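User: I'm new to this structure and would like a close look at one part of it. Could you take me through the largest pocket, and then show me some spots elsewhere along the chain so I can get my bearings?

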Amino acid sequence: MSNPSQIEQLVGDFIDPSTQMSLADSKAKIAVNGEVVPTNVTVTLGYPVKGYANQLSDTLQKLLSDNGIDASVTVNWHIVKHKVQQGVPALENVKNIIAVASGKGGVGKSTTSVNLALALAAEGASVGILDADIYGPSQPRMLGTTQRPESVDGKSIEPIESYGLQSMSIGFLIDEEEPMIWRGPMVTQALQQMLGDTNWKSLDYLVIDLPPGTGDIQLTLSQKVPVSGAVIVTTPPGYFPAGCTQGAENV
């Protein structure tokens, strides 16, 4: 019979290659049934690992075997809700919000947003994407759909589903060539309505594709939206053409 505490120690000290943190530090739950042979070990992670759960299971099983422990290891996940700004109420049916921002346009922020959302979905998470770039919405084109949202109850709107993602964009509500002549308060209200009035369905992650720069939407997001984390997209070094140095010192 294996010592459960020894197994928990060995498994907890293992460095997860996806996070470069030990399983113990990443708050993985390790359950050991040491009363049977082979010992059953269940590792539950707080983030999606569909793509390499079997590989991680085999690696942990070999780790225990190398230490003389006959065990079968099962790896699964239960995505947890992360800490947000103090005093900001949670959004119903959304566990975590990830904001994707940039200091300027044209650096690939929208591409990064949709690929991040697709990657999380591929790993087994339920994911949505909100296109908060009111003046230049690009997610409808990224997701290959021009479908108009519907409202079942007359109060909320249903997200558009494409490539396994739930999505909402002002681009679904207006014609692509229609000019947007909105002042700051209107833009902020549009963001809050799309965020709060969309009938998101049990999302583990909602990725928000912000407009470039800083402004009303970014301020609203930091003050009123429960953000779990943020990604800042910048121009890579060496991107500027020869002879063009403007702004290069900030890259």
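Analyst: Here is a walk through the pocket, followed by the chain around it and a handful of single residues.

One thing to keep in mind from the start: this is a predicted model. Let's begin with the pocket you asked about. Rolling a probe the size of a water molecule over the atoms shows where empty space is left. The largest pocket comes out at a volume of about 440 Å³. Its lining is made up of 19 residues. If you want to find the middle of it, look for Gly 46, Tyr 47, Pro 48, His 82 and Tyr 205, which lie nearest the centre. As for the character of the lining, nine of its residues are nonpolar, seven are polar and three are charged.

Now step back to the chain as a whole. The protein chain has 251 residues, and 42% of them are buried. Its secondary structure adds up to six helices and 11 strands. Take the contacts between residues at least 6 apart in sequence: 71% of those join residues at least 24 apart. On the outside, the chain exposes about 13,800 Å², with carbon and sulfur atoms supplying 52% of that.

With that in mind, try a helix. Helix α6 covers residues 216-224, and its buried residues are Ile 217, Gln 218, Thr 220 and Leu 221. Look down the axis of α6 and these buried residues fall within an arc of 160°, so they line one face of the helix.

Another helix worth a visit is α3, residues 109-122, where you'll find Lys 109. Is Lys 109 buried or exposed? With a relative accessibility of 7%, Lys 109 counts as buried, because the cut-off for buried is under 20%. Its surroundings come from several stretches of the chain: setting aside neighbours within four places in sequence, Lys 109 is in contact with Val 100, Ala 101 and Ser 102, with Asp 133, with Asp 209, Leu 210, Pro 211 and Pro 212, and with Val 233. Thr 234 is 125 residues away from Lys 109 along the chain, yet their C-alpha atoms are separated by 8.3 Å.

Pro 211, one of those contacts of Lys 109, turns up again with Tyr 135. The C-alpha atoms of Tyr 135 and Pro 211 are 8.0 Å apart, although their positions lie 76 residues apart in the count along the chain. Tyr 135 itself is in the loop between β7 (127-131) and α4 (139-142), and at 46% relative accessibility Tyr 135 is partly exposed.

Follow the chain past α4 and you get to Glu 150, in the loop between α4 and β8. Glu 150 is exposed, at a relative accessible area of 57%. Leaving out residues up to four places away in sequence, Glu 150 touches Ser 156, Ile 157 and Glu 158. Glu 150 and Ile 160 are 10 residues apart in sequence, and 8.7 Å separates them from C-alpha to C-alpha.

Next, a couple of backbone oddities. Most residues other than glycine have a negative phi, and most peptide bonds are trans. Tyr 163 has a positive phi, near 55°. You'll find Tyr 163 in the loop between β8 (160-162) and β9 (165-169), and at 60% relative accessibility Tyr 163 counts as exposed. Asn 93 also has a positive phi, near 70°. Asn 93 is in the loop between β5 (71-77) and β6 (94-102), and is partly exposed, with a relative accessible area of 38%.

To finish, go to the start of the chain. Asn 3 lies in the segment before α1 (4-12). At 41% relative accessibility, Asn 3 counts as partly exposed. Asn 33 is 30 residues away from Asn 3 along the chain, and their C-alpha atoms are separated by 9.7 Å.

Technical notes: Residues are numbered from 1 along each chain as its sequence is written. This is a predicted model: local features need pLDDT of at least 70, side-chain atom pairs count only at pLDDT 80 or more; totals for chains, interfaces and linings use all residues. Side-chain values use heavy atoms; hydrogens and water are left out. On a 1 Å grid over the protein atoms alone, a cavity is a set of points where a 1.4 Å probe fits but cannot get out, and a pocket is an open set with protein on both sides within 12 Å along at least five of seven lines; lining residues have an atom within 4 Å of a point. Grid points are joined across faces, edges and corners, and a volume is the space filled by probe spheres set on the points. Ala, Val, Leu, Ile, Met, Phe, Trp, Tyr, Cys and Pro count as nonpolar, Asp, Glu, Lys and Arg as charged, and the others, Gly among them, as polar. Helices (H or I, at least four residues) and strands (E, at least two) are DSSP runs, numbered from the N terminus. Buried means under 20% relative accessible area, exposed over 50%, partly exposed in between (1.4 Å probe, protein chains only). Contact means heavy atoms within 4.5 Å. Accessible areas come from the Shrake-Rupley method with a 1.4 Å probe; for residues, only the protein chains shown count as cover. The arc is that of the directions from the helix axis to the C-beta atoms.
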